[in-house]
Amino acid sequence: MRDAKIAHIDALEILDSRGFPTLQVTVTTSEGLQGKANVPSGASTGEHEALELRDHDPKRYQGKGVQKAAAHVTGSLAKVLKGSSVFEQALLDQKMIEADGTEDKSHLGANAILGVSLAAAKAAAATLQMPLYQYVGGCYTPVLPCPMMNIINGGAHADNGIEFQEFMIRPIGAPSFREAVRMGSEVFHTLKKILKKSNQTTAVGDEGGFAPQLASNEEALSLICEAIESAGYRPGKEISLALDCAASQFFDAKTHTYSGRKKEEQVAMLVKLTDAYPIDSIEDGMAENDWAGWKLLTEKLGHRVQIVGDDLFVTNLKFLQRGLKEGIANAILIKCNQIGTLTETLQCIRVAQNNGYSAILSHRSGETEDTTLADLAVATSAGQIKTGSLCRSDRVAKYNRLLEIEKELGSQALYQDSNRYISKN
């Protein structure tokens with residue numbers, strides 16, 4: 001095998017899609033080949049996520065600078081990894097975990113560790129002159145994911161009063177990824193016309209979806225169904241709906257209520273919405289620490305829709321294994337920066353899939369033009385990707401990368417919705 005030792009690791013403080021600092025990490029091999037990765041950042045973060053290290057210096061970027069994390073990349077992490085084989089991903093990640101020495105990667109920062117982890121994988125792929133999805137997943141990676149397109153934003157991603165955070169469309173009836181993108185784009189622009197006609201704002205939120213001032217979650221769902229039909233598609237047949245409630249954001253830990261609703265009422269509301277609209281996926285319908293509420297939601301809807309744990313599982317095997325043991329949820333959202341290394345991310349996906357849970361590769365609200373997520377969705381045959389709306393270059397870059405992969409795979413490319421839980425509406 002060609003010599004591929006880590007010769008140099010560099011870090012740069014760059015801006016994410018929200019205008020806040022994040023890290024760009026470059027790993028250079030002894031052959032002079034490079035891998036470069038930008039680290040995403042979340043807004044509505046789970047309580048148990050690995051720690052994103054910030055400087056907390058009010059004189060720079062309102063305390064959100066990442067110079068400390070950058071210094072750890074070029075200092076501690078570079079010292080530990082220099083001279084190591086770029087192909088030994090699991091070993092590289094383990095060395096960084098041990099160098100950090102904390103459960104939540106709070107010493108060196110999950111953003112610093114993840115940046116190096118992903119950049120190392122990219123450097124290895126570059127050395128072998130193969131695309132990242134093939135390097136990570138092997139030669140049997142022809143599955144393009146069904147996109148979950150966030151076209152109305154609320155919650156922590158928009159300042160518009162809508163309770164739920166994301167209202168998404170899923171082109172489940174598309175024959176190819178290319179056609180899925182076309183269908184989503186047509187619905188997106190049709191929705192824009194509908195909003196404009198009713199004098200609603202067509203400004204977009206953090207993830208590219210519209211952020212109109214609406215009276216209720218139901219109004220958002222009705223508008224999307226209208227847009228789907230006006231674009232010439234059948235709601236629930238060709239294009240389904242998906243929710244990210246981000247319930248932790250409106251859960252009151254003192255009263256154990258959701259905007260004043262008891263957990264039973266929160267579940268009943270979600271059942272009612274699923275009965276009324278072609279919803280086939282509900283993410284974070286309950287708060288991250290309300291395991292009893294999650295159990296109830298799974299019992300009521302788990303047989304007919306995808307129940308997705310994001311803040312609940314935080315891409316962490318410990319929490320996923322509890323969910324598997326207790327029969328809670330049936331799908332997991334995968335965000336690399338929730339756990340901090342590529343190896344741990346892949347392990348979590350593998351365990352979920354081996355136990356019949358769906359895995360959805362997901363972006364964060366603070367993104368960059370980096371397209372690693374698209375390659376990982378194909379590499380793991382996840383069958384689903386969540387990467388925002390049909391505008392903003394930080395979101396569209398992932399769709400465009402998947403279009404490139406589909407073309408590269410040619411006749412071998414498959415478009416597959418791996419969601420087993422289709423609503424019977």
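Where in the chain does D284 lie? The legends below start there and then move through other close-ups of this predicted model.

**View 1. D284 sits in a loop between a strand and a helix.** The strand before this loop is β9 (279-283), and the helix after the loop is α8 (291-301). D284 is buried, yet D284 has no salt bridge. The nearest side chain of opposite charge belongs to K335, 6.4 Å away, which is beyond the 4 Å that a salt bridge allows. What D284 does have is a backbone partner: a polar atom of its side chain lies 3.0 Å from the backbone nitrogen of D311. Leaving aside residues up to four places away in sequence, D284 touches D244, C245, A246 and A247, together with W294. D284 also touches V308, G309, D310, D311 and L312.

**View 2. D310 and K335 meet in a salt bridge.** Here K335, the nearest side chain of opposite charge to D284, is shown with the partner it does have, D310. The closest N and O atoms of this pair are 2.8 Å apart. The pair links distant parts of the chain, 25 residues apart. D310 is in the loop between β10 (306-309) and α9 (317-326), while K335 is in the loop between β11 (331-334) and α10 (336-339). Both ends of the bridge are tucked away: D310 is buried at 3% relative accessibility, and K335 is buried at 7%. D310 is also among the residues that D284 touches.

**View 3. C245 is a buried cysteine without a disulfide partner.** C245, one of the contacts of D284, has a relative accessibility of 0% and so counts as buried. Why is there no bond from C245 to the closest cysteine sulfur? That sulfur, in C225, is 16 Å from the sulfur of C245, which is too far for a bond. C391 is in no disulfide either, with the nearest cysteine sulfur, that of C146, 19 Å away. A search of the whole structure finds zero disulfides.

**View 4. E404 and R401 pair within helix α13.** The closest N and O atoms of this salt bridge are 3.4 Å apart. The two residues are three residues apart in α13 (residues 393-409), so about one helical turn separates them. E404 is partly exposed, with a relative accessible area of 48%, whereas R401 is buried at 15%. Elsewhere, salt bridges that share partners join E166, D244, E283 and K386 into one network. One member of that network, D244, is also a contact of D284. Another salt bridge to look for joins E238 and R234, at 3.4 Å from N to O. In total, the structure holds 26 salt bridges.

**View 5. K272 is an exposed lysine in helix α7.** This helix covers residues 263-276. At 61% relative accessibility, K272 counts as exposed. For a sense of scale, K272 and H48 are 30 Å apart in space, C-alpha to C-alpha. In sequence, K272 and H48 are 224 residues apart.

**View 6. Residues 418-425 have pLDDT under 50.** For this stretch, the model has 33 contacts beyond four places in sequence. Where pLDDT is low, the predicted coordinates should not be read in detail. For the protein as a whole, the average pLDDT is 94, and 96% of the residues score at least 70.

Methods
Residues are numbered from 1 along each chain as its sequence is written. This is a predicted model: local features need pLDDT of at least 70, side-chain atom pairs count only at pLDDT 80 or more; totals for chains, interfaces and linings use all residues. Side-chain values use heavy atoms; hydrogens and water are left out. pLDDT is the predictor's confidence in each residue, from 0 to 100. Contact means heavy atoms within 4.5 Å. Helices (H or I, at least four residues) and strands (E, at least two) are DSSP runs, numbered from the N terminus. Buried means under 20% relative accessible area, exposed over 50%, partly exposed in between (1.4 Å probe, protein chains only). Lys and Arg count as positive and Asp and Glu as negative; His and the chain ends are not counted. A polar contact is a pair of N or O atoms within 3.5 Å; within protein, one must be able to donate a hydrogen and the other to accept it, and residues adjacent in sequence count only if both atoms are side-chain atoms. A disulfide is a pair of cysteine sulfur atoms within 2.5 Å.
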